[in-house]
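The following exercises concern salt bridges, strand pairing, and the burial of helices and single residues. Please inspect the sequence and the coordinates before working through each solution.

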Amino acid sequence: MARKRVVIVGAGFGGLACAKALDGGPVDVLLIDRNNYHVFTPLLYQVASSLLNPSDIAYPVRKIFRGSPNVRFMQAQVSGVDLEDRLLSTTTGDPIDYDFLVVATGSTTNFFGNDRIKARALGLKNLSEALQVRNHILGCLEAASKAADPRQQRRWMTFVIVGGGPTGVEFAGALAELMRLVLAEEYPQITVPARIILVEGSKQLLNMFSDR
């Protein structure tokens with residue numbers, strides 16, 4: 001019998017786990033992602049707060065399956081799926097046929113229908129967003145150091161984090177740690193303390209954990 005072909009879209013935790021489970025099995029596996037690296041997303045907040053470099057949480061996908069006999073990787077952007085003919089379209093070439101399709105493309109930021117916030121807020125779901133947040137924070141510190149008026153400094157030194165889940169709580173703590181480490185030593189012109197506001201829509205933080 002001809003070997004079945006499994007196409008996995010997304011090299012995040014779900015896609016990698018599926019590919020590893022099929023590694024060495026009686027099927028041919030093609031793992032597709034628009035990036036050629038896997039990001040350890042639980043540590044994105046540390047990149048956003050300048051406590052880690054991007055390379056510390058990104059790992060080449062090809063290296064993970066370098067010795068695999070049946071798992072191959074393709075860097076491509078998926079543009080569509082023909083479920084009837086079992087064809088996957090990408091922006092880089094001809095359609096890819098499959099016997100089984102696994103879609104593990106991750107999640108996007110939920111702004112709960114607030115378009116005004118969506119147009120202005122910075123997300124924290126991937127490496128590029130983490131770098132955008134990091135650069136914005138550093139830009140605020142530079143602007144505050146140039147402002148002579150403490151009231152203007154206070155505006156630049158106020159940071160609002162929306163979401164009291166693990167990422168929001170950890171990011172708030174990491175941002176406070178960054179301010180403790182660098183303000184006095186590297187920004188002596190800033191005379192006001194950083195103000196970090198963590199906003200959560202429910203009655204308590206970390207709702208997904210038990211009270212204990």
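**Exercise 1. State how many salt bridges there are, and characterise those that involve arginine 3 and arginine 5.**

Step 1. With a salt bridge taken as a side-chain nitrogen of Lys or Arg within 4 Å of a carboxyl oxygen of Asp or Glu, the count is five. The model is a predicted one, in which local features need pLDDT of at least 70 and side-chain atom pairs count only at pLDDT 80 or more, whereas totals for chains, interfaces and linings use all residues. Residues are numbered from 1 along each chain as its sequence is written, and side-chain values use heavy atoms, with hydrogens and water left out.

Step 2. One of the five joins arginine 3 to aspartate 28, with 3.1 Å between the closest N and O atoms. Distant parts of the chain are linked by this pair: arginine 3 lies in the segment before β1 (4–9), aspartate 28 lies in strand β2 (residues 27–33), and 25 residues separate them. Helices (H or I, at least four residues) and strands (E, at least two) are DSSP runs, numbered from the N terminus.

Step 3. Relative accessible area is classed as buried under 20%, exposed over 50% and partly exposed in between (1.4 Å probe, protein chains only). Arginine 3, at 43%, is partly exposed, and aspartate 28, at 32%, is also partly exposed.

Step 4. Arginine 5 and aspartate 97 form another salt bridge, at 3.4 Å from N to O. This pair again connects distant parts of the chain, with arginine 5 in strand β1 and aspartate 97 in strand β8 (residues 96–97), 92 residues apart. Arginine 5 has a relative accessible area of 27% and is partly exposed; aspartate 97 is partly exposed at 42%.

**Exercise 2. Determine how glutamate 142 and lysine 146 are placed in their helix, and whether serine 145 is buried or exposed.**

Step 1. The closest N and O atoms of glutamate 142 and lysine 146 are 3.8 Å apart, and the two residues form a salt bridge.

Step 2. Both belong to helix α5 (residues 127–146), and because they are four residues apart, about one helical turn separates them. An α-helix has 3.6 residues a turn, so residues three or four places apart point the same way.

Step 3. Glutamate 142 is partly exposed at 36%, while lysine 146 is exposed at 66%.

Step 4. Serine 145 is also placed in helix α5, but its relative accessibility of 15% makes this serine buried. Apart from residues up to four places away in sequence, serine 145 touches Tyr187, Gln189 and Ile190, a contact being heavy atoms within 4.5 Å.

**Exercise 3. Describe the strand pairing around β2 and in the sheet of β6, β7 and β8.**

Step 1. Two strands pair if DSSP finds at least two bridges between them. β1 and β2 run parallel and are joined by six bridges; isoleucine 8 has leucine 31 of β2 as its bridge partner.

Step 2. β2 also pairs in the parallel sense with strand β5 (residues 71–75), over five bridges. Here aspartate 33 is partnered by glutamine 75 in β5.

Step 3. Six of the seven residues of β2 are buried, so this strand is largely enclosed by the rest of the structure.

Step 4. A three-strand open sheet has the order β6-β7-β8 with antiparallel pairing. β6 (78–82) and β8 are at its edges with a single partner strand each, so one side of each lacks a neighbour in the sheet.

Step 5. Four bridges connect β6 to the antiparallel strand β7 (residues 87–90), and valine 78 is opposite threonine 90 in β7.

**Exercise 4. Locate glutamine 46 and identify what covers the buried residues of α7.**

Step 1. Glutamine 46 is part of helix α2 (residues 44–48) and is buried, at 19% relative accessible area. Outside its neighbours within four places in sequence, glutamine 46 contacts Leu51 and Leu52.

Step 2. Although their positions lie 121 residues apart along the chain, the C-alpha atoms of glutamine 46 and threonine 167 are 9.8 Å apart.

Step 3. The buried residues of α7 include Gly168, Phe171 and Leu175. Their cover includes α2, α5, β10 (158–162) and β11 (195–199).
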